[in-house]
Amino acid sequence: MNMLPLPKRASVVIIGGGVQGLSVAFNLVEQGQKDILVLDAGYWQGGASGRNGTLIRPGFASVAWTELFVLTVNEWRSWSRRLGENVMFTQRGYSVVSETEKSEAMLREGLKVQQSLGVNSWMLSRREIDDLLPAINKSRVQAVQHQPDGGVAPHHAVMKGLLAFCQRNGVDVRYRTAISGLERTGSRVSAVLVGDHRIEADCVVSCAGPNNPDIAAMAEVPLNGFGMRIEAMALEPTRPLIKPAIALIDSLAYFHQTSRGEVVGGTEVPERPRMSLKVDLPVMANMAKVYLEMFPQVGEVRILRHWAGQFHASTDYAPLMGEHPDLKDLWFSAGWSYGFAGAPAAGRLLAEAIAKGRIDHRMKPFALDRFETTGPIIEGGIVLA
C-alpha cells in the first residue's frame, strides 16, 4: 500500500480501483498519459471485480452489444502480452442454451446480427450438442448457440496483472481511500476531495460500480439506473463435465468448470433486493436446482462456497459510458451488467476519448443521455430478467 501523502494535483483521477478503473488507467498509460491517480474506498478486489462469473463472449442479439463485445474479446486476447502478466484468458468457447421456443427464436435472430459483424458463431446440431455438452440433460435443451471465441478469465489473475502494470508504470493506486466530495468550477468538475484534502484534476473518471450513483450525487448530476445483487457458488471438484462456458438464457444462470474441476456459476437474485453482500439460502437452493436439472451428475456434489456481489445497472442493462452531458470533464463507466467481461473495451474506448477527444462509434450508443436522445438499447441475449 502506498503510504505517501496524497498529491495535490493529478491529470486524471479515477474513482474505483476494480477491473474497470484499472483498465482505464492501463489504457491511458498506453495513450501516453502521465500523472494518473486511482482512488478506491474499499480493499483490494473487495468489490464486483472479485465477485463475478468471469465469463466472456463476443456475440449478443443487438448490433451495439455485439460490436462492443467483439472489441472486448479482441482486447482480452492481447492483454497478457501488453500487460506483461498472464491474465489466463482461455478461449474454451461459450454456449448459450435455450430451453424454450421463444429464446431459441431470439438466439437465431441474434445469430444473424453476429454473423453480419464477423462473429464466429452457429447453432449446434444435435450431434454437436452430444459432442460438446455430453453431460447436459438433453431433454431440457431446445437449442444451443455456440461461440468458440468466448471463454473465461479468472479475476484474481486479471486484477493482479492490471495492478502490477499500473504500479510499474507510475500510476498512483490507493485503496482504503474514500472520496468525500467533488468540486465544480463553472460547467466542469475541477477537484476531488478526500476528507479535507483537495486534489485538483483535469479529468475525473468514475468507475465505482454500485457506488457510481453516489459519485453522481456528489457532483449534483443525474445518473440512470438502480442497484442489483447477484449470487454465485462453487461446487467441489469433479471430473470434467462441462467444456465451454455456459449461459442458460431462460434459467438466468451461467457457469463454467475450472481447471481444478470446480463448477463455478451465478444467478440473478429475483426482484430487486436490498443491496448487500449477504447471501440467501433460497437463491442458493434455486441455483442448485438449476444445476441438478441441467447436469444431473452433480446431484451428489457438495457446495464449497457461496457469495454475493452487487452492481449498478442501467434501466436497459447496457453500460453508461462517456462524459456526463451536464458536467464537463466528469466521465463515467457505469450501468454495467457485464462489467468484468466488458472492462477491456471500456478501458480502451474511454482512454481514447479522454486522451484524444475521439468518441469511437462503438461507444456512442452507450451515451449517458441516450434515454432522452436515441432511446434505450434493446438486447435479448443477456442473462437477466
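This is a dialogue between a learner and a teacher on reading strands, burial and aromatic rings in a predicted model.

Biologist: I would like to start with the sheet. In what order do the eight strands of the open sheet come?

Modeller: A sheet is read strand by strand across its width. Here the order is E5-E6-E4-E13-E14-E15-E12-E16, and the pairing is mixed.

Biologist: Which strands stand at the edges?

Modeller: They are E5 (122–123) and E16 (303–313). Each has a single partner strand, so one side of each is left without a neighbour in the sheet.

Biologist: Let me take one strand inside that order. How many bridges join E4 to E6, and how many join E4 to E13?

Modeller: With E6, strand E4 pairs in the antiparallel sense over five bridges. One of the residues to look at is Ser 95, whose bridge partner in E6 is His 146. With E13, strand E4 runs parallel, and four bridges join the two. On that side, Val 97 stands opposite Leu 248.

Biologist: Which way do the residues of E4 point?

Modeller: Tyr 94, Val 96 and Ser 98 point one way, while Ser 95 and Val 97 point the other way. Both groups are buried. The strand is mostly covered, with five of its five residues buried.

Biologist: What does the side chain of Ser 98 reach?

Modeller: First place the residue: Ser 98 lies in E4, which covers residues 94–98. Its relative accessible area is 0%, and a residue under 20% is called buried, so Ser 98 is buried. Its side chain makes a polar contact with the side chain of Ser 103 at 2.7 Å. The side chain of Ser 98 also reaches the backbone nitrogen of Glu 104, at 3.1 Å. Leaving out residues up to four places away in sequence, Ser 98 touches several others, among them Leu 107, Arg 140, Gln 142 and Asp 250.

Biologist: Let me move to the other end of the order. What joins E12 to E16 and to E15?

Modeller: Ten bridges join E12 to E16, and these strands run antiparallel. Arg 229 has Gln 310 in E16 as its bridge partner. Five bridges join E12 to E15, also antiparallel. There, Glu 231 stands opposite Thr 267 in E15.

Biologist: Why is E12 largely enclosed by the rest of the structure?

Modeller: Burial is counted residue by residue. Nine of the ten residues of E12 are buried, so the strand is largely enclosed.

Biologist: How is E15 joined to E14?

Modeller: Strand E14 (residues 253–257) and strand E15 (residues 263–268) run antiparallel and are joined by five bridges. Within this pairing, Tyr 254 has Gly 266 in E15 as its bridge partner.

Biologist: Which strands does helix H3 touch, and which does helix H7 touch?

Modeller: Helix H3 (residues 101–116) packs on the sheet and touches E4, E5 and E6 (143–147). The direction of H3 makes about 25° with that of E6. Helix H7 (residues 281–294) also packs on the sheet, touching E4, E12, E13, E14, E15 and E16. The direction of H7 makes about 120° with that of E15.

Biologist: Now the rings. How is a pair of aromatic rings described?

Modeller: Two values are used: the distance of the centres and the angle of the planes. In this structure the count comes to 16 aromatic pairs. One of them is Phe 26 with Phe 165, which is edge-to-face, at 4.8 Å centre to centre and 80° between the planes. This pair links distant parts of the chain: Phe 26 is in helix H1 and Phe 165 in helix H5, 139 residues apart.

Biologist: Are Phe 26 and Phe 165 buried or exposed?

Modeller: Phe 26 is buried, at 0% relative accessibility. Phe 165 is buried too, at 8%.

Biologist: How do Trp 76 and Trp 79 pair?

Modeller: Their pair is tilted, with 5.1 Å centre to centre and 50° between the planes. Both lie in helix H2 (residues 63–83), three residues apart, about one turn of the helix. Trp 76 is buried at 1% relative accessibility, and Trp 79 at 0%.

Biologist: Which residues do ring pairs link into a cluster?

Modeller: The cluster holds Phe 26, Trp 76, Trp 79, Phe 89, Phe 165 and Phe 340. Phe 26 is also in contact with residues including Arg 82, Leu 162 and Cys 166.

How values were computed. Residues are numbered from 1 along each chain as its sequence is written. This is a predicted model: local features need pLDDT of at least 70, side-chain atom pairs count only at pLDDT 80 or more; totals for chains, interfaces and linings use all residues. Side-chain values use heavy atoms; hydrogens and water are left out. Buried means under 20% relative accessible area, exposed over 50%, partly exposed in between (1.4 Å probe, protein chains only). A polar contact is a pair of N or O atoms within 3.5 Å; within protein, one must be able to donate a hydrogen and the other to accept it, and residues adjacent in sequence count only if both atoms are side-chain atoms. Contact means heavy atoms within 4.5 Å. Rings of Phe, Tyr and Trp (its six-membered ring) pair if their centres lie within 6.5 Å; planes under 30 degrees apart count as stacked, over 60 as edge-to-face and the rest as tilted. Two strands pair if DSSP finds at least two bridges between them. Axes are lines fitted to C-alpha atoms, for helices over the stretch in contact, and angles run from 0 to 180 degrees between N-to-C directions.
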